[in-house]
Amino acid sequence: MTSANEVRETLLLVEHLTMRFGGLTAVHDLSFDAYSREITAIIGPNGAGKTTVFNCLTGFYKPSVGRLIMHVDGEALLLERMDGFRIARQAGIARTFQNMRLFAGMTVLENLIVAQHNLLMSASVFSIAGLFGLPRYRSAERAAIERARHWLDKVGLIERADSTAGTLPYGAQRRLEIARALCTGPALLCLDEPAAGLNPRESAELNELLLAIRAEERIGILLIEHDMSVVMGISDHIIVLDYGRKIADGTPAEVRADPNVIKAYLGEDELEKLPETTAADIALAADRK
Amino acid sequence: MTAASGLAVEKEALATLDWAALLKDAVLAALVATLLALPLVGFQTYDIGGGALGIRTHFDWVATAAAAVFAGRLALHLRQRLRRGGERHGETLFARLGAWGNRRALPITLVGIAFAVALPLLPFSSRYLIDLGTTVLIYVMLGWGLNVVVGLAGLLDLGYVAFYAVGAYTFALLARDLGLTFWQALPFSGLVAASFGVILGLPVLRLRGDYLAIVTLGFGEIIRIVLLNWSPVTGGPNGISDIPRPSFFGLPFARSAPEGATTFHQFFGLEFSPAQRVTYIYFVILALALVTNLFTSRLRTLPIGRAWEALREDEVACRALGINPTNVKLSAFGIGAMLGGFAGCFFATRQGFISPESFTFIESATILAIVVLGGMGSQMGVVLAAILLVTLPEFGRAFAEFRMLIFGAAMVAIMVWRPRGLLAHREPSLRLRARRSAAR
């Protein structure tokens, strides 16, 4: 939660986002905001269009309709007009993937150094300064390793820095992917189901990590998640999607009590049979995998 | 497991063997071998005088081939069954060799370079051996160049020989029309080849894997066919001859100097010998190859090299991290092509004559085989594979017509024992631990 003496800083403005694939409308007229130093969660049943929203934000899809505005250093960037790699580079949006996309054959440290490619590339001046090992490049490389070390410490992978990324256990790979995204120095971190496949202990560690990032860094977090212990525990506000439409938007408590949400998760008939207070909890528990 | 129990297991395995199935399998394999061997080794044409040809039959050879395949197939299966379903026991010779090579990478490299430098001075050295060494080094250099594209960036390129051709023809044309020497033309060869690399890279940016392979294969053929048909410029199938030889800081290697010039042997007061030029050419390619190695291994530890490898691992993730895949791919194609162009320039000056015949698909295939056989991305592996691929057919000359058969068998054997290449070990481009201990 943002403390009272701090002004909420709008990071991302999504306005009337619609994404159609042929006759299928995956996302319909979605508008929401995300703020710096806040965790915004997008939840919804399978096929609700959550990942499509991410893909629009990060330039993998071009939205059919709508505006995506990212505020970076007082400048408003229109994401729907940018190439995917420019969104990461200039708008400072980093993401992870639902089914992890690590550089499996490279070491953990190399994964994090690749994430700082643009910084190092400009320091190496078309690789010339790098080829001759000029001090300018060497100090940039040292700084990059230092940053990698910082995040490795945070996600608890410092001991595995020189192991091949593909050989890490599943939970560690998930954490590495988050660390890699953070190494790009993002303003907005988009996490696509970071807790998928984690055991309860790992899931709790993930909560702590995300809370620490929110507390210490000037980063906004956008989260897609099925694990309700993660979503309800750490989100500042939650957006609920169903069939591509937004059906609720608010704090975890508000969303939990929203009849539309319960309907979407359990179906109309079930709702009538249950007392209202428990219905939402059951619905959300049912979604937990 | 004790010896006794091991023996018991073996006996048990033998008892449960399905001999009928094994024999059937071996007979089938022998049948296939007979069918293949009949046209390949069964008949031989020979000159019966007066320009007419007669046919000689070699059914004994066919029988030998069939018997060898029968026995080999049976032995292979028996071995697998006895090892309980083909389970691998222990390490193969190559695996141990590879591990040893990785542990002692630096001394082996130094010894290898020392040997390469000393080769022409060794007592058993001959003109033939130096020539062979030169050929090996050309392939080593080409392998290192292609390694950037295939091994590091993971872009399967079946038309690499096109850049080799572009480099060679660039030098040949510059020498013929503008009178440039080898050293003057070398940078241009690289530059022109690099531009061709980028030109090839542009249309294939969206392609991966098989599709990319097909387009690059086509590109290689296009270049060759253009060279073949653009007679006014390239001389068509006749090629370009009288390409100047490299000079030693302006001193030519010739028996008698052209007017007003000093030859190499006059300058140093030596007897003239054609071996001097051959040796010098050998040292030129050795230097070029070493520079190539230094260049590519340095690039690998730079952001650009890591981006190549990241692209090979996952292009989508690269984009999500703000890496422009277009630049990364084009730089890989461009730099790989440039190195091929340098090698081509050297090839032209070494041969003194080039024609499209030197740049057929089989060359591309050989270079790719060197990279794959060596172990994708491994610099040492390329050297090993190049030596193997070039010298094996040479040593096979003693076996005359069975030379390529032995070559093929060796390839199959290597791929069976080392499916990921001879030296399939990836050294990280940087480490956290090493840095720590160095700082202390």
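## A walk through chains A and B

In chain B, 75% of the contacts with a separation of 6 or more are between residues 24 or more positions apart. Keep in mind as you look around that this is a predicted model. Chain B is built with 19 helices and two strands, and of its 440 residues, 38% are buried.

A good place to pause in chain B is helix H6, which runs over residues 127-152. With 26 residues, H6(B) covers 36 Å from its first C-alpha to its last, close to the 38 Å expected at 1.5 Å a residue. If you follow H6(B) along its length, you will come to a kink of about 45 degrees, centred on Leu146(B). Most of this helix is covered, with 19 of the 26 residues of H6(B) buried. Just past the end of H6(B), look for Gly154(B), whose phi is positive, at about 70 degrees.

Now let us turn to the place where the two chains meet. Chain A brings 30 residues to this contact, and chain B brings 27. On the chain B side, the elements that each supply two or more residues are helix H12 (274-300), helix H13 (303-313), helix H14 (315-320) and helix H19 (432-439). The largest share of that side belongs to H13(B), which gives seven residues. Sorted by class, the residues with which chain B touches chain A are 14 nonpolar, ten charged and three polar.

Chain A has an internal contact to explore too. The chain is divided into domain 1, made of residues 1-92 and 187-289, and domain 2, residues 103-185. Where these domains of chain A touch, domain 1 contributes ten residues and domain 2 contributes eleven. On the domain 1 side, helix H2 (84-91), strand E7 (188-192) and helix H8 (200-216) of chain A are the elements that give two or more residues. That side of domain 1 of chain A, facing domain 2, holds six nonpolar residues, along with two polar and two charged ones.

Finally, a word on confidence in chain A. Its mean pLDDT is 86, and 90% of the residues of chain A reach 70 or more. One stretch to treat separately is residues 1-5 of chain A, where pLDDT stays under 50. For those residues of chain A, the model has four contacts beyond four places in sequence.

Conventions:
Residues are numbered from 1 along each chain as its sequence is written. Chains are lettered from A and ligands numbered from 1 in the order in which they are written. This is a predicted model: local features need pLDDT of at least 70, side-chain atom pairs count only at pLDDT 80 or more; totals for chains, interfaces and linings use all residues. Two residues are in contact if their C-beta atoms, placed from the backbone, lie within 7 Å. Helices (H or I, at least four residues) and strands (E, at least two) are DSSP runs, numbered from the N terminus. Ala, Val, Leu, Ile, Met, Phe, Trp, Tyr, Cys and Pro count as nonpolar, Asp, Glu, Lys and Arg as charged, and the others, Gly among them, as polar. A residue is buried if 20 or more other C-beta atoms lie within 10 Å of its own, exposed if 12 or fewer, and partly exposed in between; C-beta atoms are placed from the backbone. pLDDT is the predictor's confidence in each residue, from 0 to 100. The expected span of a helix is 1.5 Å times one less than its number of residues. The bend at a residue is the angle between axes fitted to the seven residues ending there and the seven starting there. Domain bounds come from an automatic or database domain assignment.
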